[in-house]
Amino acid sequence: MELYSNRGLTTVGTVVRISPTEVSIQDPTAVQQIYQIKGEFLKSQFYEAFLPGIKNVFSTTDVNYHRRHRRLLASEMSESGLALHRDTVETKVRMTIENMAEEMETRGATSPADAAISLQQENQYIKDLKLLGFAGGLRSTFPTLMKINQYIPLPVLSLGTQVRERMRLYATQSLGRHYKLVEEQGRNAKPTLLSKLYRASEDDQDTLPFEELREDAMSYIAAGSDTTTNTLTYLIWAVCKRPDIKAKLLAELSTLPDGFTDQDLRKLSYLENVIQESLRLYSAAPSGLPRVVPQGGATLAGHFIPGGYTVSAQAYSMHRNPAVYREPLKYDPSRWENPTKAMKDAFVPFGGGSRICIGLHLAKMELRLATARFFTRFPNATLSYLEGFTDKDMEPTMYFLMSPKKQRCLINAH
Ligand code: HEM
């Protein structure tokens, strides 16, 4: 199979052994086999190494624990459940756009990622989010580091422990703020993504103990911030680089009524294609998602893989396979006008099966609103060359999550 990487076209196997007991697979049919709703390929120990000491809906490898949490969390994150949160998302997006406009005045350029995140919390919080992915990626990719760390403490790993503790504190504070509101305002308190669970009465089966809820809140903070922000950053950068694409997007946005809402945006097909294409090339979590082959083994892409082996597929290569996507390195939203079955099967920015991203509808709502608000407010936006910014700054780095190498993208938003 031929694959495009940043270094050009390389020929690699569809099935590649990457360690004595681990196999990476880039075959759309096999991927559908591995990541199924009722699948038997369970998350591997990789996830516990990624977030040691934290058991939540993202990291747990325990099927029953996951099923219970996922069931309880799912309704609020569904498309209908999110209707309650549209106004909150809309307000955050508007504030982000205002931040950008202000930054333009003071700095002469704006950085979408900084504008989006600076609203949420202090500087330390932002640093912590980045460090969490970095340290987690190191730990799970190089488990030997953990062994060395027992004898010679490695600063990056102890930093990771401190970061996890601070993330736990952020989650506690965030839940605490809502508890206080509920005490003061009762059921009329502004809902959050976890409201339903702690509104339930003490003896209600459909609720979670505070500690478990707090760990899930951590997964939302960690998995839900940088992912959407990085995708949005790459989207704005990619569209600003291509005046033809921007013009087509602006033409579609110009059909929107004044005071448009997400309901209006959902009808815009080109906007949807721009988001799809950004998730294809710049998907924020494009690394291998390791699963354990069930007992008895499995035949994947024509190869028998014994039970207990780890298999993984990664969106990065799947999304750049020239046999599926013509000119795969080209940013071309129009390819999504009539996608083939292979394109749909190979498109896995949110993972798949029972462990598919629980935040995907929220992420897509945020991306729709932020893209539409950004380009209607700044129709003449172009790339900025201020502060020596170049395309090289946008080369991806990957520590499980993908982000621009220099952690910045400067836009001349005027
Ligand atoms: C563009 C934005 C996003 C991308 C690309 C993304 C990507 C992913 C991927 C690939 C997975 C599967 C991980 C695996 O199998 O190991 C995942 C899982 C998850 N994501 Fe997202 N995500 C995004 C936004 C969000 C948001 C906004 C939230 C929550 C607020 C969120 C929360 C989660 C959680 C909790 C899981 C674990 C689900 C489970 O195991 O049941 N994500 N995400």
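In this predicted model, Cys357 counts as partly exposed, because 18 other C-beta atoms lie within 10 Å of its own, and a residue would need 20 or more such neighbours to be called buried. Cys357 sits in the loop that runs between helix 16, residues 341-346, and helix 17, residues 360-377. If its neighbours within four places in sequence are left aside, Cys357 is in contact with Phe350 and Gly351. The UniProt record, an unreviewed entry, places a "binding site" annotation on Cys357.

That annotation leads to the surroundings of the ligand, where 23 residues form the shell, and where Cys357 is listed among the closest together with Gly224, Thr227, Gly351 and Gly359. Gly351 therefore appears twice in this picture, since Gly351 is in contact with Cys357 and is also one of the closest residues to the ligand, as a reader who follows the cut-off of 7 Å between C-beta atoms for a contact can check. Helix 10 (210-224), helix 11 (226-241) and helix 17 each supply at least two residues of the shell, and helix 10 gives the most, with four residues. Sorted by class, the shell contains 13 nonpolar, eight polar and two charged residues.

A second residue to look at is Val31, which is found in helix 1, residues 28-34. Val31 counts as buried because it has 27 C-beta neighbours inside 10 Å. Not counting residues up to four places away in sequence, Val31 touches Ile25, Ala313, Met318, Val348 and Gly352. Val31 and Val311 are 280 residues apart in sequence, while their C-alpha atoms are 9.8 Å apart in space.

Conventions: Residues are numbered from 1 along each chain as its sequence is written. This is a predicted model: local features need pLDDT of at least 70, side-chain atom pairs count only at pLDDT 80 or more; totals for chains, interfaces and linings use all residues. UniProt positions are given in the numbering used here, feature names are shortened, and annotations may be inferred rather than shown by experiment. A residue is buried if 20 or more other C-beta atoms lie within 10 Å of its own, exposed if 12 or fewer, and partly exposed in between; C-beta atoms are placed from the backbone. Two residues are in contact if their C-beta atoms, placed from the backbone, lie within 7 Å. A residue is near a molecule or strand if its C-beta atom, placed from the backbone, lies within 6 Å of it. Ala, Val, Leu, Ile, Met, Phe, Trp, Tyr, Cys and Pro count as nonpolar, Asp, Glu, Lys and Arg as charged, and the others, Gly among them, as polar.
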